[in-house]
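Student: Hey, could you walk me through this structure? I'm new to it.

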Protein chains: 2
Amino acid sequence: MIREIGIGLAGFGTVGAGVFLNLEKNRALLRERIGRDLIVRKIAVKDPSKKRPVSLPPALLAANWRELLDDPAVQVVVELMGGIEEPRELILEAIRRGKIVVTGNKALLAEHGAEIFQLATEKRVPVFYEAAVAGGIPIIKAVREAFVANHFLRVRGIINGTSNYILTRMAESGLDFASALAEAQAAGYAEADPTLDVNGWDAGHKAIILASLAYGFWVPSKDVLVEGIESITPGDIRFAAQLGYTIKLLGFIDACLDGSVEVSVQPSLVPDENILASVRGVFNAIAVRGDVVGDALFYGRGAGQDPTASSVISDLADAAVALEAPRDSFGFIPHALYGKLRPADEVVSPFYLRLGVDDKPGVLARIAGVLGEAGIGISSVIQPETNEGELAALVLMIHDAPRGRVLSALQKIRALDCVHGDPALYRVEAAA
Amino acid sequence: MIREIGIGLAGFGTVGAGVFLNLEKNRALLRERIGRDLIVRKIAVKDPSKKRPVSLPPALLAANWRELLDDPAVQVVVELMGGIEEPRELILEAIRRGKIVVTGNKALLAEHGAEIFQLATEKRVPVFYEAAVAGGIPIIKAVREAFVANHFLRVRGIINGTSNYILTRMAESGLDFASALAEAQAAGYAEADPTLDVNGWDAGHKAIILASLAYGFWVPSKDVLVEGIESITPGDIRFAAQLGYTIKLLGFIDACLDGSVEVSVQPSLVPDENILASVRGVFNAIAVRGDVVGDALFYGRGAGQDPTASSVISDLADAAVALEAPRDSFGFIPHALYGKLRPADEVVSPFYLRLGVDDKPGVLARIAGVLGEAGIGISSVIQPETNEGELAALVLMIHDAPRGRVLSALQKIRALDCVHGDPALYRVEAAA
């Protein structure tokens, strides 16, 4: 007799339905591989009468999510409801009752991860969340298990597919941000409200989760520098290309030499020879540098019904083993080797600075003067050709400097009467 | 009291010493993360008096590898000896005695995997082998655990760093094979005897292991088509670049529509927009397509002391958990959904065919005639400029055709009096 694992599914949106469908589709394969049968016993949804692309089997419908907790035949609770407060309540109560939790809720973990994993550790109940970061890419398993031998020196991630699609279309077709966003929406790659995708916060939540795994502590989201892609211009993308770079929205999770950790999301110039520059369209990629393994990179679909369901089902397979294993691995181990977030202004990197300027002699001298006074070095300057209607542009590549110092200098530069419009200041990434 | 896991290390070469050193270096981190202490209790080597870059602690020296099996304090045996017969004996005997096995021996698994995993299943003893494929890249864990929900549609791998380094140098600097190999040897990226790296068999062993995980059965190595890179010319690399391709040595593991599986290693033209074309130098990469997750790719260092040690230590962490878990996962699950190897001659793909020809009218017509008679379509023809000393070349891109049919036609083409020298026939890979 093959053992059955009882699953309670909270939420039957895109991902929830994908989990249900793929468990059905590949049931025979899963049985052979994991030696157990993953059975959805109950499904809780907010509005059972809602019209859905995948019809919800009436026999499985629960009155509400609390019913999943009360059912002794539900051993694993899968939280795919969306939102924060109800999922938080569900997960905390599931842990209290000893039910293993699987969730894909990145915003919840980024905001309440500390609370959830403290309770999970206390109650010895595993919480799995592969689907919370980068959809189908098994980056949680990689960081937690495959690279267990490593101190993480840094992590870099293209972890929002919508913004990467928009930047790819801007680079490949010269579209502006608004047109590329409209195209992404038409193609189904951006939601009607794309705010969290384009303002960087979807990536921000994922960066916080990756940082927690790599460095063993939860970074308060209010302390994380998060910038979006809304103000990137076709000109910036073109100028970057002339210099041999592709603009990407990158998550940075970095161990600094003083033992502090940087966590941020910023538009960045990636050298074309860096493999992250080759990541096009809706794909995600995460580059990890460990002190033992060196450089590694993971690439795949960061969203979508099936890729995300693939990750949820792999968590279910791990949950099935965990049900019978000694309960001393909880999906997050606070090892506390670091524990201090580095203020964004103290982070040192090279920068790309594009200014709108008067096209006349002496302008560069004045700008270079401000930078020089601040002790900020310039590695190169170009005055690229601009299209009709664009301001004359001056692009400066700035040597390694603390971000706060560059921002102060930029404030002085903006006050110069020869400088106009909104400048662009982007971090520059290394070649490898 | 933190639990101790006793390890017996067979072999203290590059990788064995790397495991020992990194267990020491990151001991505190590993304790915090896995909640156990991984202790090397005994080390067996063939010649204890041999001069080694890392000195072998005399207190740990075993008389021979059998002593690791006899020591009740050794719970996990790590086989990193090299060779086939002794490792096979060691591993089979360890399984019989209920000791968990970790090995990085790709040749052994490719040749004797069926026997080893049959015994492991029977005795319920896990065997881990992350280090056997692609060094530091956790591809075994990914295929076995992260993508457990997926039928694998195909796997493509750059799984030999030495040959990828040689091909990269040939492409970037126009070197010929012999000079690039000499450079790889000088840089420490190729061994004094590079035979298995350049003739494709190192990659062949890894392809057999990946196929076993993806499709649940062991392919006999004698039935696997394996080609090397020795006869790739600077001309071929240049012509391919003109057409928008990069030549890579690829492992192919493909589910065919009739339920059979293709396993092969072949030099291949990869379109430059395919991310595998961006994998340079000694790096490895493996692209996986699953029916649920879609396309994913893993990239990293495929060899070297530290990257390989990172994988061995992650196996040790898994072994530490497995010691206390129910014994029903053995590191390889024969699910037997497929089970039939497709003969290489029946595999259908597009091809690149480069011929040395007389530079005169009528030559193309005669060659196209032979192909046409065989029902083989030509998608494009170029007559590239050749350097002094090179034969006039004719390059034909051939539509999807069974390899066997193309080889028969090629035999007839070689018999034409207008065709000279050795032709090149390489598979052409799709854009994504």
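Tutor: Sure. Domain bounds here come from an automatic or database domain assignment. For chain A that gives domain 1 (3-137 + 305-322), domain 2 (140-301) and domain 3 (347-428).

Student: How do the numbers and letters work?

Tutor: Residues are numbered from 1 along each chain as its sequence is written, and chains are lettered from A and ligands numbered from 1 in the order in which they are written. This is a predicted model, where local features need pLDDT of at least 70, side-chain atom pairs count only at pLDDT 80 or more, and totals for chains, interfaces and linings use all residues.

Student: OK, how far apart are domain 2 and domain 3 of chain A?

Tutor: Their C-alpha centres lie 24 Å apart.

Student: And how many residues of each are in contact?

Tutor: 13 from domain 2 of chain A and 14 from domain 3 of chain A, with contact meaning that C-beta atoms, placed from the backbone, lie within 7 Å. On the domain 2 side, helix 11 (234-242) and strand 9 (261-271) of chain A each give two or more residues. Helices (H or I, at least four residues) and strands (E, at least two) are DSSP runs, numbered from the N terminus.

Student: Switching topic: what about chain B against chain A?

Tutor: There, 49 residues of chain B are in contact with 49 of chain A.

Student: Which strands pair, and in what sense?

Tutor: Strand 11 (residues 294-301) of chain A pairs with strand 11 of chain B, antiparallel, over 5 bridges; pairing takes at least two DSSP bridges between the strands. Within that, Ala296(A) has Gly300(B) as its bridge partner.

Methods
Two residues are in contact if their C-beta atoms, placed from the backbone, lie within 7 Å.
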